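Student: I would like to learn how to read a protein model, beginning with its pockets and then moving on to its strands and helices. Could we go through them together?

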Amino acid sequence: TTALSGKHLLVTAGGTRERLDPVRFLTNDSSGKMGYAVATAAQQAGADVTLITAPTKLPVPSGVTVVPIESTQELADAVLTRLPAADGLVMAAAVADFQPVTAADQKIKKTTDNDELVLRLKKTPDILQAVAANKRPDQVVVGFAAETQNLLENGRQKLTKKHLDLLAANDVSRADIGFNGDNNQVTFLFADGHSDQTPVTSKRAIATTLISHVAEIFNQK
Ligand code: C5P
């Protein structure tokens, strides 16, 4: 289809990695499947897609420009430098909430006197918050929210706080959907207050629905 032809979309995917030392990092369970499905659906809808991705096991979607990143800071830099030239952003990446205060230059060693190791972490930059401060009214920004409780209430708060046009709220307390599987169920929360729950279905189908919502939002701008 051509619903998004002429639009340049940034899509982020995967779980960011926060380095502790040259051989170790903190990360999360994100597989990147949801973000890759969104990038593919956007490309198939005619968009010019840049996929900014943390490491995943997934093949690169065809026809998409890939920008590899590892850390949240690298993701923030990659998104914010490309945002002015983009029409929209879908933040499907599972961004680390905390990063080590310092990354060790050399491998952290165990010694006879360190039975405990204390890691000092600090908050990562909130990319969508920074995007909200810089975005133009013509740009469409979509977030994801993985929640284990009060899905709609927490989702609504994130939508408002991060000035999103659309938020896909995801209940990750369920074993059959979310993080690693091929299926998902989301509730789309729109800026005008209405919402729309998908059935449990493939991430590909959810991505297609998300992209049709993005096309509608562009049409309303
Ligand atoms: O982590 P949280 O549930 O707040 O994530 C909601 C949305 O914000 C997601 O789209 C995620 O990619 C984005 N996010 C971000 N920067 C962070 C944390 C999350 O842009 N530091």
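Student: Which residues lie nearest the centre of the largest pocket, and how many residues line it?

Tutor: Keep in mind that this is a predicted model. The lining of the largest pocket is made by 38 residues, and A93, A94, V95, F144 and A146 are the ones that lie nearest its centre. The volume of this pocket is about 930 Å³.

Student: Which helices and strands each supply at least two residues of that lining?

Tutor: They are α1 (33–44), α3, β9, α4 and β10, and β9 gives the most, with 4 residues. Sorted by class, the lining of the largest pocket holds 19 nonpolar, 11 polar and 8 charged residues.

Student: What is the volume of the second largest pocket, and how do the residues of its lining divide by class?

Tutor: The second largest pocket has a volume of about 260 Å³. It is lined by 15 residues, and S30, S31, P55, T56 and K57 are the closest to its centre. Its lining divides into 3 nonpolar, 8 polar and 4 charged residues.

Student: Now for the sheet: what is its strand order?

Tutor: As a general idea, strands of a sheet pair through backbone hydrogen bonds, in either a parallel or an antiparallel way. Here an open sheet of 8 strands follows the order β5-β4-β1-β6-β9-β10-β12-β13, and the pairing is mixed. Its edge strands, each pairing on one side only, are β5 (65–68) and β13 (195–197). On average, and with direction ignored, neighbouring strands of this sheet are turned by 15° against each other.

Student: In which sense do β12 and β13 pair, and over how many bridges?

Tutor: Strand β12, residues 186–190, pairs with β13 in the antiparallel sense over 3 bridges, and D196 in β13 is the bridge partner of F188.

Student: Which strands does helix α3 touch, and which does helix α4 lie across?

Tutor: Helix α3 (residues 127–134) packs on the sheet and touches β6 (88–91) and β9 (140–147), with its direction making about 165° with that of β6. Helix α4 (residues 151–161) lies across β9, β10 (166–171), β12 and β13, and runs at about 40° to β12.

Student: Where is N183 found, and how far is N183 from K33 in space?

Tutor: N183 is found in strand β11, residues 183–184. Although N183 and K33 are 150 residues apart in sequence, their C-alpha atoms are 9.5 Å apart in space. N183 counts as partly exposed because its relative accessible area is 34%, which falls between the limits of 20% and 50%.

Definitions and conventions. Residues are numbered from 1 along each chain as its sequence is written. This is a predicted model: local features need pLDDT of at least 70, side-chain atom pairs count only at pLDDT 80 or more; totals for chains, interfaces and linings use all residues. Side-chain values use heavy atoms; hydrogens and water are left out. Two strands pair if DSSP finds at least two bridges between them. Axes are lines fitted to C-alpha atoms, for helices over the stretch in contact, and angles run from 0 to 180 degrees between N-to-C directions. Contact means heavy atoms within 4.5 Å. On a 1 Å grid over the protein atoms alone, a cavity is a set of points where a 1.4 Å probe fits but cannot get out, and a pocket is an open set with protein on both sides within 12 Å along at least five of seven lines; lining residues have an atom within 4 Å of a point. Grid points are joined across faces, edges and corners, and a volume is the space filled by probe spheres set on the points. Ala, Val, Leu, Ile, Met, Phe, Trp, Tyr, Cys and Pro count as nonpolar, Asp, Glu, Lys and Arg as charged, and the others, Gly among them, as polar. Buried means under 20% relative accessible area, exposed over 50%, partly exposed in between (1.4 Å probe, protein chains only).
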